[in-house]
Amino acid sequence: MTVRKRIRPFLAGAALLLAGSSMIPSGSARAGEPPAPAVADCTVNGRPVAGSAVTGGQGFDEIDCPYGVPAGVVVAGGGGIDVITVRGGNAGSVDGGDGADMIEINGGNSGRVAGGAGGDLVDLIGDADANSGIVSGGPGDDVLFLRAEDTAGTGVVTGDTGSDVCLFDPDLSGARDCEVMV
């Protein structure tokens, strides 16, 4: 490789800086501009969906968010039986909606998780703290399972109305309201 070929990229970058161009990628917030809205990359029934609102419809929906749910994003299953899987944690809002839903959050929860009306299963898995946010089973007989390496959570866990079972591994140090706690 000649000296000319090695120095060309350096000179091109220097020329951009001297010309007053910014190296900030397009779509990034610049000084004085509001940040871009939070976006989750998910699939709904196998179709890619990206946005600040990811929703299912009436009836059975399978929603998968493999990169987590950032703060400001809402994932909602809608009516019917829904399976919602979030890997990478939840800092936004995940709501199963009406119907018997299964919600699995892997990576912990610092946002809000709601099963909605119906008998729901909510499973939170975290490395250090499974839940520092709010988890609610909603109306109906729900099962809430929180597990982590260090603590099951310092957040709020409520089964809401119905006969609810909460399982904590290890013990939860936050507020809790369930009929049966294991």
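Mentor: Before we begin, keep in mind that helices and strands here are DSSP runs, at least four residues long for a helix and at least two for a strand, numbered from the N terminus. Keep in mind also that this is a predicted model.

Trainee: How many strands does the secondary structure of the chain come to?
Mentor: The chain has 182 residues, and buried residues make up 35% of them. Its secondary structure includes one helix, and beside that helix the number of strands comes to 16.

Trainee: Where in the chain is the place of Gly111, and is Gly111 buried or exposed?
Mentor: The loop that holds Gly111 lies between strand 8 (102-106) and strand 9 (112-114). Leaving out residues up to four places away in sequence, Gly111 touches Asn90, Ala91, Gly92, Gly133 and Ile134. Buried means under 20% relative accessible area, and because Gly111 has 12% relative accessibility, it counts as buried.

Trainee: How many Å separate the C-alpha atoms of Gly111 and Gly155?
Mentor: Along the chain, Gly111 and Gly155 are 44 residues apart. In space, the separation between their C-alpha atoms is 9.6 Å.

Trainee: With which side chain does the side chain of Ser93 make a polar contact of 3.4 Å?
Mentor: Ser93 belongs to strand 7 (residues 93-95), and with a relative accessible area of 15% it is buried. Setting aside neighbours within four places in sequence, Ser93 is in contact with Val69, Val73, Val74, Val75 and Arg112. Among these residues, the one whose side chain is joined to that of Ser93 by the 3.4 Å polar contact is Arg112.

Trainee: Which residues form the covered face of strand 8?
Mentor: Strand 8 has two faces, and Met102, Glu104 and Asn106 make up the uncovered one. The covered face consists of Ile103 and Ile105.

Trainee: Which residue of strand 10 stands opposite Asn106?
Mentor: Strand 8 runs parallel to strand 6 (residues 82-87), with five bridges joining the two, and here Val83 stands opposite Met102. Strand 8 also pairs in the parallel sense, over five bridges, with strand 10 (residues 121-126). In strand 10, the residue that stands opposite Asn106 is Ile125.

Trainee: What is the C-alpha to C-alpha distance in space between Asp61 and Val83?
Mentor: Asp61 is in strand 4 (residues 61-65), and it is buried, with a relative accessible area of 4%. Val83 is one of the residues that Asp61 touches, when residues up to four places away in sequence are not counted. Although Asp61 and Val83 are 22 residues apart in sequence, the distance between their C-alpha atoms is 6.3 Å.

Trainee: How many residues are in the largest nonpolar core?
Mentor: In soluble globular proteins, nonpolar side chains tend to be buried together. In this chain, the residues with the most contacts inside the largest nonpolar core are Val75, Val94, Leu124, Leu144 and Val157, and the number of residues in that core is 26.

Trainee: What is the phi of Asn45 near?
Mentor: Most residues other than glycine have a negative phi. Asn45 is in the loop between strand 1 and strand 2 (47-51), and it is partly exposed, with a relative accessible area of 39%. Asp160, in the loop between strand 13 (156-158) and strand 14, has a positive phi of about 70 degrees although it is not a glycine. Asn45 is not a glycine either, and its phi is likewise positive, near 50 degrees.

Trainee: With which residue does Arg87 form a salt bridge?
Mentor: The count of salt bridges comes to two. The salt bridge of Arg87 has its closest N and O atoms 2.9 Å apart, and the partner is Asp64. Arg87 lies in strand 6 and its partner in strand 4, so the pair ties together parts that are 23 residues apart in sequence. Arg87 is partly exposed at 34% relative accessible area, and at 22% so is its partner, Asp64.

Trainee: Which residue meets Asp123 in a salt bridge?
Mentor: The N to O distance in this salt bridge of Asp123 is 2.7 Å, and the other side chain is that of Arg147. The pair links distant parts of the chain, 24 residues apart, with Asp123 in strand 10 and Arg147 in strand 12. Asp123 counts as buried at 12% relative accessibility, whereas a relative accessible area of 29% makes partly exposed the other residue, Arg147.

Key. Residues are numbered from 1 along each chain as its sequence is written. This is a predicted model: local features need pLDDT of at least 70, side-chain atom pairs count only at pLDDT 80 or more; totals for chains, interfaces and linings use all residues. Side-chain values use heavy atoms; hydrogens and water are left out. Buried means under 20% relative accessible area, exposed over 50%, partly exposed in between (1.4 Å probe, protein chains only). Contact means heavy atoms within 4.5 Å. A polar contact is a pair of N or O atoms within 3.5 Å; within protein, one must be able to donate a hydrogen and the other to accept it, and residues adjacent in sequence count only if both atoms are side-chain atoms. Two strands pair if DSSP finds at least two bridges between them. A nonpolar core is a set of buried Ala, Val, Leu, Ile, Met, Phe, Trp, Tyr and Cys residues joined through side-chain atoms within 4.5 Å. A salt bridge is a side-chain nitrogen of Lys or Arg within 4 Å of a carboxyl oxygen of Asp or Glu.
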